[in-house]
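Student: I should like to learn how internal cavities are read from a model. Could we work through one example together?

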Amino acid sequence: MSEEGQADVLVLGGGPGGYTAAFRAADLGLSVTLVERYERLGGVCLNVGCIPSKALLHAAKVMTDAEDASAMGIAFGAPEVDLDALRGATAKVVTTLTGGLDGLAKRRKVRVVRGTGTFTSPNALRVEGPDGEEETVAFAHAIIAAGSQAARIPGLPDDPRVMDSTGALALDEVPGRLLVIGGGIIGLEMATVYDALGSRVTVVEMLDRLIPGCDPDLVAPLQKRIGRRYEAIHLGVRVSGVEAADDGLRVAFEGDDAPEAVTVDRILVAVGRRANGGAIGADAAGVEVDDRGVIAVDAQMRTNVAHIHAIGDIVGDPMLAHKASHQGVVAAEAIAGLPAAFDARAIPSVAYTDPEIAWAGLTETAAEADGTPYEVAVFPWAASGRALATHRAEGRTKLLVEPGSRRILGAGIVGVNAGELIAEAVHAIEMGADAEDLGRTIHPHPTLSETLMFSAEAAEGTITDLYLGKRSRRD
């Protein structure tokens with residue numbers, strides 16, 4: 001076993017949070033060692049998560065847009081999909097991004113060690129390389145960015161036809177019938193891909209709604225669209241058993257509205273993710289981990305061990321790459337002695353489905369649960385010239401505002417490119433803007449972005465693109 005000299009900062013995990021933390025620490029003049037289990041930097045997100053899934057979702061959108069063009073009198077022939085070429089194009093995107101990270105690490109003189117890291121003391125990490133070689137890295141400070149892994153359902157057969165999201169992204173084949181267990185973001189995104197590629201998709205969700213945590217009115221347009229396209233959507237239903245046979249996977253269900261057993265070609269298990277706190281030897285470093293694998297941190301991302309910080313999925317929900325990146329900057333700056341703190345008013349969530357759903361800040365579901373007073377203003381995309389012109393008017397944009405102050409508390413959007421549109425609302429929430437601030441901001445016309453302006457005008461009672469009665473908040 002080899003041993004390297006002490007690093008100022010040891011970063012465990014090279015995903016968006018980890019590499020951001022490592023690069024920021026290096027920019028601040030600290031010596032950095034970055035430990036990553038994948039061959040390439042980028043973690044789950046770039047290698048087998050966010051980026052490859054979005055590449056496949058783009059391909060899916062091209063195909064469904066071609067189908068929808070018939071509404072404008074344009075007809076295309078049925079698409080021919082070359083899976084090898086599609087996988088190759090996706091891999092090229094991943095290689096480009098991860099290769100760029102390697103270059104950035106070299107320019108910053110960040111030492112990258114490939115392997116799986118386990119703490120052996122509060123100031124040392126053992127790294128087991130891909131060929132079994134071991135190295136111990138000593139450090140003065142550490143940032144744990146070890147992420148999460150797909151949650152599993154006990155009792156499912158050990159069969160290659162039962163996939164997690166990583167297996168689904170490998171795109172080995174297009175199954176005739178696909179069962180997606182889990183109606184959250186990951187499951188519905190992959191369902192979007194396989195539906196476009198030609199699979200007959202069934203979604204089963206144990207709760208009574210899709211995308212739990214998102215307001216039902218935002219999910220409704222998506223559910224209506226996929227309800228027409230998918231073979232079935234079962235809510236309030238769980239899988240009670242799976243039997244592997246030569247001709248497929250026979251699946252039984254339970255619940256008040258449980259369907260009869262079905263036989264499918266493949267199953268995608270997408271029931272959430274579990275933090276990796278229990279897999280890094282945290283106890284040897286004295287770092288406390290709860291029974292969910294989550295590590296508690298303060299505003300500077302410090303754990304209970306003052307010189308060890310943690311960021312990203314491993315510190316709990318929301319498990320989102322953009323949250324991890326911002327926390328990585330805070331941790332690096334705190335170690336460098338800068339007055340940094342993670343104090344986000346809004347962290348946007350996006351389902352890259354078709355249509356997309358995005359939300360940030362206070363939701364109606366949360367407000368009603370904890371009794372937070374709010375007013376809601378909604379602009380339906382059926383009144384948007386741009387949405388009508390593109391034949392995608394099923395969307396809606398809404399704002400939640402604080403009574404009295406009119407401060408924007410939350411926002412939600414469902415529709416084409418909702419994930420791109422939500423950023424303006426996040427900025428407004430972070431800046432403490434009120435509805436008038438947003439309503440008086442001139443937006444280009446005709447665009448989908450102006451639906452945020454119209455929602456703000458609706459909140460203020462000044463909108464002219466809808467008729468809400470003769471009232472105005474501006475006297």
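**Reading the cavities**

Tutor: This is a predicted model. We begin with one element: α7 gives 3 residues to the lining of the largest cavity, the largest share.

Student: How is empty space located in general, and how many cavities of 30 Å³ or more are found here?

Tutor: Rolling a probe the size of a water molecule over the atoms reveals where space is left empty. In this model, a search of the whole structure yields 2 cavities of 30 Å³ or more.

Student: What is the volume of the largest cavity, and which residues line it?

Tutor: The largest cavity holds about 70 Å³ of space. Its lining consists of T64, T192, D195, R225, I226, R229, Y230 and D354. At least two of the lining residues come from each of α6 (185-197) and α7 (216-229).

Student: How does the lining of the largest cavity divide by residue character?

Tutor: There are 4 charged, 2 polar and 2 nonpolar residues in the lining of the largest cavity.

Student: What volume has the second largest cavity, and which residues line it?

Tutor: Its volume is about 30 Å³. Around the second largest cavity stand D215, L218, W359, A360, L362, T363, K398, L400, A411 and G412. Two or more residues of this lining are given by each of the strands β19 (356-361), β21 (396-401) and β22 (408-415).

Student: How many residues of that second lining are nonpolar, polar and charged?

Tutor: The lining of the second largest cavity comprises 6 nonpolar, 2 polar and 2 charged residues.

Notes
Residues are numbered from 1 along each chain as its sequence is written. This is a predicted model: local features need pLDDT of at least 70, side-chain atom pairs count only at pLDDT 80 or more; totals for chains, interfaces and linings use all residues. Side-chain values use heavy atoms; hydrogens and water are left out. On a 1 Å grid over the protein atoms alone, a cavity is a set of points where a 1.4 Å probe fits but cannot get out, and a pocket is an open set with protein on both sides within 12 Å along at least five of seven lines; lining residues have an atom within 4 Å of a point. Grid points are joined across faces, edges and corners, and a volume is the space filled by probe spheres set on the points. Helices (H or I, at least four residues) and strands (E, at least two) are DSSP runs, numbered from the N terminus. Ala, Val, Leu, Ile, Met, Phe, Trp, Tyr, Cys and Pro count as nonpolar, Asp, Glu, Lys and Arg as charged, and the others, Gly among them, as polar.
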